[in-house]
Amino acid sequence: MSTKHAPSQIELEIHGMTCAACVFHVTNALKGVTGVKEVTVPGWQSGQATLATEQTVSEAALITAVEKAGYRAAVATHRQAAAPQQPAGNDPQRDYDLIVIGSGGGGMAAAIKAAELGYRAAIIEGETIGGTCVNIGCVPSKTLIRAAAAYYNAGQHPFKGIQTRAEGVDWAALIQHKDELVTELRQAKYVDVLAAYGDSIALIRGWARLKSDHEVALADGRVFTAGKIVLATGAKPRLLSLPGLEQVEVLTSTTAMSLTQQPGSLLVIGGRAVALELGQTFARLGTKVTLLQRSSHLIPEHEPEISTALAEALRQEGLTIQTGVKLLAIREEAGQKVVTAMVNGEEGEFRAEQVLMAVGRTPNTQHLGLEEIGVKLDEQGFIKVNSRLETTTSNIYAVGDVTGGPNLVYVAAAAGGIAAANALAGEGKSLNLTILPDVIFTDPQVARVGLTEAEAKASSYDIKTSILPVEYVPRALAARDTRGLIKLVADRNSDRLLGAHVLAAEGGEIIQTAALAVKFGLQYGFTLANLREMLFPYLTQVEGLKLAAQTFEKDVAQLSCCAG
Ligand SMILES: Cc1cc2nc3c(=O)[nH]c(=O)nc-3n(C[C@H](O)[C@H](O)[C@H](O)COP(=O)(O)OP(=O)(O)OC[C@H]3O[C@@H](n4cnc5c(N)ncnc54)[C@H](O)[C@@H]3O)c2cc1C
């Protein structure tokens with residue numbers, strides 16, 4: 001075992017990580033080793049940790065630290081940190097310094113970073129510029145969710161008698177409004193932004209295929225060369241292999257948001273973000289919705305209290321939720337789609353005018369020529385990358401949904417910027433997902449950051465938890481919307497916040513403050529006591545976070561105004 005002189009970059013294989021809490025343990029253990037400046041564990045599934053050191057660090061000390069935390073480690077690579085390179089400008093031998101395949105959030109961020117560093121980039125796009133988020137993902141879904149909320153609340157709002165719901169939805173107008181916003185944002189955030197970079201970023205239309213680690217071929221026969229390549233080809237809706245599916249057309253998130261007619265009834269297969277967001281949207285607009293979920297709970301990765309309360313809120317609105325469903329087959333009968341399934345041991349049938357399958361995404365890796373040049377895929381078919389976004393083939397990087405991991409546009413964009421900086425300027429940066437705030441845009445919204453109670457316990461933390469029903473949040477009382485709860489998970493010994501879990505109207509607006517508390521707890525020892533000392537504006541939803549922190553030591557029902 002050797003000792004290297006630093007600053008250096010060390011990549012460790014970590015064995016034994018089984019849940020998100022392990023990321024915290026391994027990170028903390030490695031940070032405790034003298035000389036370690038930065039630690040990135042991209043997620044427990046990654047089985048790796050990347051370290052930047054500022055001085056000599058013994059490999060043995062790192063391995064021992066990981067072992068003491070209850071895991072095993074081996075050094076995969078240990079090298080001198082690369083000095084940042086100066087922008088080199090266009091290599092006259094090649095068409096571009098960087099070719100990016102895909103113009104979604106990941107690809108755009110990579111090309112923009114390349115241009116900012118002074119390099120010449122090209123984006124190759126086979127379909128619509130902007131990729132999933134703006135065209136068929138975040139933007140259309142969120143505007144439909146808002147429209148459905150306005151429509152629904154006009155009839156259901158607690159300030160009874162003030163508003164009444166209009167008669168029926170003008171479906172064509174709704175879809176047109178959605179399409180207009182998509183067109184507007186695609187133009188403003190993708191087309192115009194690219195144009196503003198002038199010659200620094202070329203947009204090339206066509207389906208790309210890798211010819212080598214420096215060459216990309218288009219279907220029309222053109223070939224472009226570059227020093228480095230970033231794959232940002234995204235993913236598409238996954239369809240389950242269900243007997244009968246070849247004969248029955250089902251909806252995906254993409255086609256559901258472009259229907260020309262509102263279905264009278266809808267079966268939604270799935271119980272996570274996209275299924276719940278679209279299921280509630282259709283239901284609020286007047287479609288009879290039944291959700292079929294395989295697991296025993298909706299959103300099983302979240303706190304059970306949140307999952308149960310969310311299911312209750314959705315049932316209150318008239319959605320039917322069936323959990324523990326094992327799909328058997330699908331068929332079409334008398335103009336209806338019929339799904340047969342085992343439900344808690346008994347066979348049953350579910351019928352509706354349409355079926356939406358929202359069970360995750362499958363990566364766009366076909367016809368890319370990956371195998372021929374040694375770019376390896378993981379067991380689920382996603383492109384394998386390390387924390388620096390390097391694939392198994394030199395000069396080729398991959399980012400975003402095509403690499404698996406959380407399907408979130410801000411993760412894809414962060415990865416795109418890092419991949420370009422690493423590829424072109426040798427910055428050696430890692431994508432750090434240790435603190436990842438995440439929102440499901442149901443109403444009430446589900447938002448989480450950090451560890452659940454079960455994850456924290458599995459990592460042997462001595463924990464304490466608090467649960468604050470939203471009915472104690474003055475903002476919620478004023479709005480007459482007290483659905484939901486805030487659950488905090490903290491380390492009893494250090495008083496640090498390990499996780500925050502929110503179900504509340506606009507809960508997404510609360511979570512970033514919690515994310516800062518978790519981050520600064522991990523990095524600088526910020527505690528729940530520190531959080532309680534802070535001033536929170538009255539009446540805001542985020543004040544609920546302070547109240548939830550106070551719930552650890554006080555009965556919040558006894559508090560006076562302003563979380564005093
Ligand atoms: C319904 C829905 C709602 C969502 N809501 C949210 C949300 O609220 N917040 C959030 O953060 N995320 C959300 N997401 C996820 C988010 O949209 C994705 O994580 C993100 O867009 C992925 O970006 P990407 O750059 O990896 O890929 P994409 O945006 O999918 O871009 C990939 C691009 O590559 C192109 N391409 C593929 N292969 C080739 C090839 N061979 N040659 C040329 N071009 C090619 C494709 O045409 C596409 O344009 C949502 C997703 C869906 C489906």
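**Exercise 1. The ligand shell**

How many residues surround the ligand, and which are the closest?

*Solution.* This is a predicted model. Start with the count: 36 residues surround the ligand. The closest are Gly 106, Glu 125, Thr 132, Lys 142 and Asp 401. Next, sort the shell by class: 14 residues are nonpolar, 17 polar and 5 charged. Then look at the secondary structure. Helix H3 (105–116), strand E8 (121–125), helix H4 (131–136), helix H5 (138–156) and helix H10 (409–425) each supply at least two shell residues. H4 gives the largest share, with 4 residues.

**Exercise 2. Contacts of the ligand's oxygen atoms**

Find what lies 2.5 Å from an oxygen atom of the ligand, then work through two further contacts and the buried area.

*Solution.* Take Thr 132 to begin with. An N or O atom in its side chain is 2.5 Å from a ligand oxygen. Move on to Asp 401: here a side-chain N or O atom stands 2.9 Å from an oxygen of the ligand. Cys 133 uses its backbone instead, with an N or O atom 3.3 Å from a ligand oxygen. Finish with the area. The ligand taken alone exposes 1000 Å², and the protein buries 93% of that.

**Exercise 3. Helix H8**

Check the span of helix H8 (residues 273–284) against its 12 residues. Is the helix largely enclosed or open?

*Solution.* Step one is the expected span. At 1.5 Å a residue, H8 should cover 16 Å. Its end C-alpha atoms are 16 Å apart, so expectation and model agree. Step two is burial. A residue is buried when its relative accessible area is under 20%. In H8, 10 of the 12 residues are buried, so the rest of the structure largely encloses the helix. Among them are Glu 277, Gln 280, Phe 282 and Arg 284. Step three is the exit: just after H8, Gly 286 has a positive phi of about 110 degrees.

**Exercise 4. Aromatic pairs**

How many aromatic pairs does a search of the whole structure find? Classify two of them.

*Solution.* The search finds 3 pairs. One of them joins Tyr 96 and Phe 224, with centres 6.3 Å apart and 50 degrees between the planes. Planes under 30 degrees apart count as stacked, over 60 as edge-to-face and the rest as tilted. The Tyr 96–Phe 224 pair is therefore tilted. Tyr 96 sits in strand E7 (residues 96–101) and Phe 224 in strand E12 (residues 223–231), 128 residues apart. Tyr 96 is buried at 8% relative accessible area, and Phe 224 is buried at 13%.

Now take Trp 171 and Phe 282. Their ring centres are 5.7 Å apart and the planes meet at 35 degrees, so this pair is tilted. Trp 171 belongs to helix H6 (residues 171–196) and Phe 282 to helix H8, so the pair ties together parts 111 residues apart in sequence. Both residues are buried.

**Exercise 5. Backbone in the loops**

Locate two cis peptide bonds and two residues with positive phi that are not glycine.

*Solution.* Start with omega. The bond from Asp 443 to Pro 444 is cis, with omega near 0 degrees. Pro 444 lies in the loop between strands E23 (438–440) and E24 (445–450). The bond joining Tyr 538 and Leu 539 is also cis, at about -10 degrees. Leu 539 is in the loop between helices H14 (528–533) and H15 (543–550).

Turn to phi. Arg 480 has a phi near 55 degrees and is exposed, at 56% relative accessible area. Glu 506 has a phi of about 55 degrees and counts as partly exposed, at 32%.

Methods: Residues are numbered from 1 along each chain as its sequence is written. This is a predicted model: local features need pLDDT of at least 70, side-chain atom pairs count only at pLDDT 80 or more; totals for chains, interfaces and linings use all residues. Side-chain values use heavy atoms; hydrogens and water are left out. The expected span of a helix is 1.5 Å times one less than its number of residues. Buried means under 20% relative accessible area, exposed over 50%, partly exposed in between (1.4 Å probe, protein chains only). A residue is near a molecule or strand if one of its heavy atoms lies within 4 Å of it. A polar contact is a pair of N or O atoms within 3.5 Å; within protein, one must be able to donate a hydrogen and the other to accept it, and residues adjacent in sequence count only if both atoms are side-chain atoms. Accessible areas come from the Shrake-Rupley method with a 1.4 Å probe; for residues, only the protein chains shown count as cover. Ala, Val, Leu, Ile, Met, Phe, Trp, Tyr, Cys and Pro count as nonpolar, Asp, Glu, Lys and Arg as charged, and the others, Gly among them, as polar. Rings of Phe, Tyr and Trp (its six-membered ring) pair if their centres lie within 6.5 Å; planes under 30 degrees apart count as stacked, over 60 as edge-to-face and the rest as tilted.
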